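Open your viewer and get ready to click around. We'll go stop by stop, with something to select at each one.

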Amino acid sequence: MLLERTGVAGSLESCDALVMVILSPDREGVEIELESPSIASFGEEMKRAVMETLESLDVQHGYVKVQDRGSLDCTLRARTETAARRALAVPDGEKVEE
Amino acid sequence: MKAKRLRRTSLYIPGTNPGMLANASVYGADSIILDLEDGVPVPEKDAARILVRNALKSVPYRGAEVTVRVNALSTPFGRDDFREIIPLAPDAIRLPKCESADDVREADALMTEIELNSGVEAGTVGIIAITESARGGRNLSEIAAASPRVIALNYGAEDYTADIGAVRTKEGRELDDIRAKVIVAARIAGVQALDSVFGDVNDMEGLYAEALRVRLLGFDGKSVIHPRQIPVVHRAFTPSEQEIGFARRVMAAFREASSRGAGVIALDGRMIDAPVVARAEKILALAEAAGCLPGER
């Protein structure tokens, strides 16, 4: 299998979000797991912000875990971008034993 | 005019802290410094740069001047900071480790290139030059004159004293030399002189005494590292009733003499010339900012 490249950014402090992006070419599309105190009101909006950020970086396959602690839209986008860029910076295409 | 705006306090906000970035302008500082440099550990430089860029895009920093302390271009982070930050056209960048006019010119050229490529009018973003070494201290006049973008001079007390081999003390005598250099170079260039931080956030009396001392020396403001330092520095930068009263009388005499076309003005038997009028204007501007002149202007 291909090595999944992972990037993490942010924190669990108030007004922040901890975002983990796993780039996984074998996966169908992008799956987002969101944990947030405002999931009922803003869950879809937050997922859209994550998706738009990943699309801007041409990330099409992977898994994203967001642990939100009341972040603003600009913070969530920043944390997602940083995590994705960190994942993209990991050397590509290494094979690992299953 | 950008160079003349009030900068009594400049509040450092770490570029790693989303909560503080969102609320940076609510504390009442005249200027805010979104920090990408010493306040950010190396492994978080990328995260802070993106966070600050996004904050500049979407947080309405009402009332305060917005500046970003970038990393020096001599570091591995400087160019990326410029490329992300300049297109958002903050009021100014704070350029650390300025050692010579070449450091300012290099920043100026890169800023112009980025501004032109991103649809921002060339020259929009100002530079507040920070000197932190003996060499920088010696070259302050050429640093201030290196670009019309330079709107103020500042120095880093810790780095400067470490570089010259001085010991930091509460009294701060070791800063006398650099403070004098900053003020003289700033005045020659017609830009503002901004004092460094007072590190003890629990010593409000010490902060007030230092802020008052630097105002009387000629500084236009002081950097602060905690919101609670802001009202103390503003108080120190608020002129006394006596100063305000004299300044008003100077301006009244000046206006009256100007209307008569008189060249020489006297007040209380003392000649009032251009520098006295300029000082009176500055006192009244500080008084107005502090809310001491209700209903005037």
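Helices and strands here are DSSP runs numbered from the N terminus, a helix having at least four residues and a strand at least two. Keep in mind that this is a predicted model.

**Stop 1: a loop in chain B**

Select B:Lys97. You'll find this residue in the loop that joins strand S4 (92-95) to helix H4 (101-117) of chain B. Check the backbone: phi of B:Lys97 is near 55°, which is a positive value in a residue other than glycine. Most residues other than glycine have a negative phi. Is B:Lys97 buried or exposed? B:Lys97 counts as buried, because it has 20 C-beta neighbours inside 10 Å, and 20 or more is what the label asks for.

**Stop 2: another loop, another positive phi**

Now jump to B:Asp268, in the loop between strand S9 (265-267) and strand S10 (270-272) of chain B. B:Asp268 is not a glycine, yet its phi is positive, at about 55°. Its surroundings are sparser on paper: B:Asp268 has 9 C-beta neighbours inside 10 Å, so it counts as exposed. The cut-off for that label is 12 or fewer.

**Stop 3: the domains of chain B**

Zoom out and colour chain B by domain. The domain assignment gives domain 1 (2-236) and domain 2 (241-289). How many Å separate the centres of domain 1 and domain 2 of chain B? Taken over C-alpha atoms, the separation is 32 Å.

**Stop 4: a helix pair, H9 and H10**

Select residues 204-217 and 229-236 of chain B to light up helices H9 and H10, whose axes lie 8 Å apart at an angle of about 40°. That angle makes H9(B) oblique to H10(B), and their crossing is right-handed. From H9(B), the contact includes B:Met204, B:Leu207 and B:Tyr208; from H10(B), B:Val232 and B:Val233 are among the residues involved. By class, the residues of this contact split into eight nonpolar, one polar and two charged.

**Stop 5: a helix pair, H11 and H12**

Move on to residues 241-260 and 274-289 of chain B, helices H11 and H12. Their axes come within 9 Å and cross at roughly 125°, which means H11(B) is oblique to H12(B). The crossing of H11(B) and H12(B) is left-handed. Show side chains for B:Ile244, B:Val250 and B:Phe254, among those in H11(B) that meet H12(B). On the H12(B) side, try B:Val277, B:Ile283 and B:Leu284, which are also part of this meeting. The contact has 11 nonpolar residues, no polar ones and one charged.

**Stop 6: where the chains meet**

Bring chain A back into view. The contact between the chains takes 13 residues from chain A and 12 from chain B. On the chain B side, helix H1 (18-23) and H2 each supply at least two residues. Which helix gives the most to the side of chain B that touches chain A? That's H2(B), with eight residues. By class, this side of chain B has seven nonpolar, three polar and two charged residues.

**Stop 7: H2 against H2**

Finish by selecting A 73-89 and B 45-58. These are helix H2 of chain A and helix H2 of chain B, packed at an angle of about 150° with axes 9 Å apart. H2(A) is therefore roughly antiparallel to H2(B), and the crossing is right-handed. Residues to label include A:Arg77, A:Glu81 and A:Arg85 of H2(A), along with B:Ile50, B:Leu51 and B:Asn54 of H2(B). The residues of this contact divide into six nonpolar, four polar and five charged.

Definitions and conventions. Residues are numbered from 1 along each chain as its sequence is written. Chains are lettered from A and ligands numbered from 1 in the order in which they are written. This is a predicted model: local features need pLDDT of at least 70, side-chain atom pairs count only at pLDDT 80 or more; totals for chains, interfaces and linings use all residues. Axes are lines fitted to C-alpha atoms, for helices over the stretch in contact, and angles run from 0 to 180 degrees between N-to-C directions. Angles under 35 degrees count as roughly parallel, over 145 as roughly antiparallel, 65 to 115 as roughly perpendicular and the rest as oblique. A crossing is left-handed if the near helix is turned anticlockwise from the far one by less than a right angle, and right-handed if clockwise. Two residues are in contact if their C-beta atoms, placed from the backbone, lie within 7 Å. Ala, Val, Leu, Ile, Met, Phe, Trp, Tyr, Cys and Pro count as nonpolar, Asp, Glu, Lys and Arg as charged, and the others, Gly among them, as polar. Domain bounds come from an automatic or database domain assignment.
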